[in-house]
Each structure stands twice: as structure tokens, then as C-alpha cells.
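Opening the notebook on a new structure. I want the overall build first, then how the parts sit against each other.

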Amino acid sequence: MNALDVTDKPRLRPLRWRWDGEEGQHIAVAVPNPGGIYFLNPSAAKIFAACDGTKTVAELAGILVEAYEIGLEQAVKDTVKVLDLWREMDMLQ
Amino acid sequence: MVRFALDAADDGALVDKSWLEIAANPEVYRESGLLPRYLKAPLLGVWEITGRCGLRCVYCYNESPRTPPDLEWPIAERIVRDIISMRIFAFCISGGEPTLHPHYLDILRILAEGGVAVGTITNGWTMTPELARLMARYTTAAQVSLDGPTAEVHDLVRGKQGSFERAARAVRLLRDAGAQNVSVSFAGTRLNVDSFPRMPELCVELGADKLRTQPLSMVGRAGAVPSLEPTPEQARSLKDFIETAQGKYGDLKIEWGDPSAHVKVGLGIGMALTLRITQDGNFGVSPYYPIFFGNARESRLSEVWERGLREAWEHEAVRTLFAGGVESPVLRIPPGLEEPLHLTCRQPNGGDPA
């Protein structure tokens with residue numbers, strides 16, 4: 001599997017998911033591999049909800065920069081890490 | 001299996017924990033924003049749609065067959081619609097024997113068409129090629145109860161001659177119909193647990209994907225007959241066998257469950273993840289313990305959830321029941337729960353739980 005590039009535009013597979021938690025900032029999602037229901041915290045949920053195939057990895061990282069006032073380099077690193085895991089779990093097309 | 005979280009945390013670490021791991025240290029995960037106070041809806045549920053059953057298993061946890069009438073169809077149908085609109089991920093349709101419910105296939109179909117992953121549990125008595133075909137179409141998992149490798153053992157535990165042949169045939173029919181995730185469940189009592197080592201070969205022969213067992217829950221009918229509980233030696237032998245049997249029977253998965261896990265998780269994190277609906281419409285928080293927070297004849301599922309079921313494990317009465325912890329791995333009824341506990345949720349205007 002090739003490493004993700006910051007110019008890639010990840011898109012979710014059709015998955016069953018919902019906004020969750022008392023403030024609706026978490027996401028619960030049924031994952032195909034290994035199966036089961038995963039729960040995303042608000043920062044991961046922001047990335048997940050924006051993976052519609054129109055935004056680059058760099059733009060997704062920008063969402064974290066804006067929301068949490070962290071540096072772009074750290075945000076890209078975190079975003080790539082979580083996207084790589086979601087790819088392994090067959091959550092991305 | 002329910003896993004917990006994926007998270008790009010401050011240090012870039014990914015968090016991937018089971019609910020049990022989270023429940024052991026919930027403050028850490030709540031403070032970091034990973035763990036909410038409650039969910040908008042259960043993740044999973046089990047619905048005992050009927051108390052009718054043609055068998056009379058010596059250990060039945062909900063003492064089927066039971067006489068109270070099943071929910072009227074308009075109320076049951078409303079539950080189905082709520083399960084879909086609340087976006088509950090998966091529901092297990094159980095009983096009694098669920099295939100005896102006149103709307104069994106309607107329930108499977110509507111849930112499946114609504115995007116819910118549907119599982120079901122059957123004793124296999126009523127199975128036909130046509131029923132298996134429709135179950136295969138609507139379910140993502142089907143479980144047949146088989147409590148022994150021979151008719152002599154199984155029929156003794158299940159209280160009806162001929163039930164072994166029907167159950168074994170049901171597994172084959174489901175496989176032939178292309179059903180996904182066909183599993184066999186085995187409830188080990190003192191009468192039959194020694195026969196478990198012969199179960200994997202039978203499951204392979206029948207074409208099952210999985211063989212599942214767990215410590216016998218001493219609730220319901222089993223709770224009234226303590227001598228049904230396997231001896232410590234029997235329990236140890238069973239566990240030893242399962243640990244060494246993995247991978248020895250081709251693709252057959254052999255699963256050992258922990259019936260107390262949901263209580264440990266619930267008491268740890270406070271919020272409810274799963275839901276039980278009984279045949280007469282009670283909404284509960286445990287598949288085994290009779291702790292209820294409302295009834296479908298009086299309130300909608302979504303209302304009961306919002307009024308307190310979602311935080312059921314924080315309820316003072318529940319905390320009191322389990323103040324001494326939960327007995328594990330064999331579930332027993334704690335003092336104070338000899339009769340079903342019906343707790344009052346917050347009122348719609350936001351009052352405190354009674």
C-alpha cells in the first residue's frame with residue numbers, strides 16, 4: 001500500500017455512522033475490517049466527516065489547525081496517521 | 001466486538017482500546033474528550049420478540065416459554081421504526097423462539113432495509129428451506145442453539161425429543177441458503193458440559209462458521225436450580241479445552257464469551273451501550289439482569305433512552321445493586337434483584353430520576 005501524500009483526496013467508503021455523544025461531536029461508525037463499532041473523538045470526527053473526496057490531506061489537516069490551534073506539521077502528521085489506519089480498516093475508497 | 005476509539009491525540013498517538021480497557025480507567029479518557037457522558041442511541045440491542053417457545057431448556061435465562069402476551073404489532077412496529085431512526089447499528093432478534101412470532105420476517109426485513117445489521121437466534125425447530133433463504137437474505141449473523149453433540153445430550157437439556165435433529169438440520173439449511181456468519185451456541189450445564197470437546201467436529205461437519213460458549217449465567221430457570229452449574233473441575237476443563245482448540249478445526253472459530261463484561265463496562269463508564277427489549281415491551285440495560293427503565297406500551301424507545309436509560313449505569317439504584325462488584329465470570333442475581341427492578345427515568349421536563 002502506497003503512503004498517503006498530502007495532495008491525496010481521501011474519500012470514505014459507504015459506511016454506517018452517526019454523530020454521537022452529548023454534544024454531537026463524536027462519531028460512532030461500523031467498520032468493515034476487522035468489524036465492530038468504533039468511536040471517534042471530536043478531532044478524529046472532524047477529519048472523518050470531511051473525507052468526501054474533495055479535500056486534500058493538507059486541507060484536512062488545516063481543519064485541525066483551525067480547531068485546535070496546533071502547528072500544520074503536527075496536524076499533517078496526525079492526519080496521515082489516522083487516515084493510514086482507516087485505510088487499513090477498509091474505511092476509505 | 002465493540003472497540004473504542006481512533007484518535008489523533010495531542011501527542012499524535014492513536015488510541016485503540018476495547019470498552020473493557022476504557023472502563024478500567026474512564027476518567028483518563030473522559031478528561032481527554034474521548035469518552036462522552038452518554039450516547040445519542042444504543043450501539044447494539046437484543047429484542048426478545050416473543051415468549052413462545054416449543055422447547056423448555058433447563059437453564060433458560062428468561063424462562064421461556066412465557067405466558068404474557070407479546071407486544072401488539074403496531075407497538076412492535078413502532079419499535080422497529082425507532083431502532084432505524086435512532087441509527088442503532090445492530091440488533092439481535094431473539095425469543096423465546098423468534099420464528100414463532102407472526103411478524104418475525106417482517107421485523108428482520110424492515111430492520112435490514114433500514115440499514116440495521118440484523119442477527120438472530122433460533123432453536124432450529126421451525127426451520128425450512130424457505131425460512132432459511134429469507135433469514136439468509138435479511139440477516140448478517142444467525143445463531144442456532146446446540147447444547148450437545150448427540151441427540152441424547154442435547155434433547156435432555158432442551159427438554160424435547162427430536163430437537164437435536166432439527167437444530168442440526170437448521171444449521172445445514174442456513175449454510176445451504178448462503179447465510180452469513182452461521183454460528184452454534186452451546187450452553188454448558190453440569191449435564192452436558194463434558195460433551196463440549198465433541199462439538200467442534202460436529203460444527204465443522206454441519207458447516208458452521210463459529211462455535212460460541214460462555215460460563216452459564218445462573219439467572220432465570222438456572223438460577224432456581226443451583227445444581228445445574230458446572231463443577232469447578234468441569235468449568236476448568238472447558239476453559240482449558242477452548243484455549244487449546246483454537247485453530248485445530250479448520251476455519252471454525254471457537255469463541256469464549258464473558259457474560260459479565262457488559263456490567264463491568266457499564267459500571268466503569270456509566271453510560272449504556274446496549275439495549276434489551278423484552279417480549280412484553282420492557283426496555284432494559286442488561287441482557288441477563290431484569291433492570292428496566294420503561295415500557296413500549298407507555299413510551300417510545302427514543303423517549304426512554306433520552307429520559308435516563310442512556311445513563312442507566314449511573315442510576316443510584318443500579319449502583320447500589322452492584323456496590324459489591326459483579327460476580328464473574330458466572331453471573332448470579334445480586335441481593336435486591338430477586339424481582340424485576342423497574343426504575344423511573346427523568347421526566348420529560350428534566351426532573352431527576354426517582
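Into which domains is chain B divided? I looked up the bounds: domain 1 covers 44-262 and domain 2 covers 276-342. Note to self: this is a predicted model.

**Entry: overall build.** I went through the secondary structure of chain B and found 13 helices along with twelve strands. Then I checked the radius of gyration: chain B comes out at 20 Å, and a compact globule of 354 residues would be near 20 Å, so the two agree. For the box, I took the principal axes, and the C-alpha atoms of chain B fill roughly 55 × 45 × 45 Å.

**Entry: packing.** I looked at burial next, and 47% of the 354 residues of chain B count as buried. For contact range, I kept pairs in chain B at least 6 apart in sequence; 72% of those contacts join residues at least 24 apart.

**Entry: between the domains.** I took the C-alpha centres of domain 1 and domain 2 of chain B, and they lie 22 Å apart. How many residues are in contact across the two domains of chain B? I got 29 from domain 1 and 21 from domain 2. On the side of domain 1 of chain B that touches domain 2, β2 (44-48) and α3 (73-85) each supply at least two residues. I also sorted that side of domain 1 of chain B by residue class: 14 are nonpolar, eight polar and seven charged.

Notes. Residues numbered from 1 in each chain as written. Chains lettered and ligands numbered in written order. Predicted model: local features only at pLDDT ≥ 70, side-chain atom pairs only at ≥ 80, totals over all residues. Helix = DSSP H or I, 4+ residues; strand = E, 2+ residues; numbered from the N terminus. Rg over C-alpha atoms; globule rule 2.2 N^0.38 Å. Buried ≥ 20, exposed ≤ 12 C-beta atoms within 10 Å, placed from the backbone. Contact = placed C-beta atoms within 7 Å. Domains from an automatic or database assignment. Nonpolar A, V, L, I, M, F, W, Y, C, P; charged D, E, K, R; others polar.
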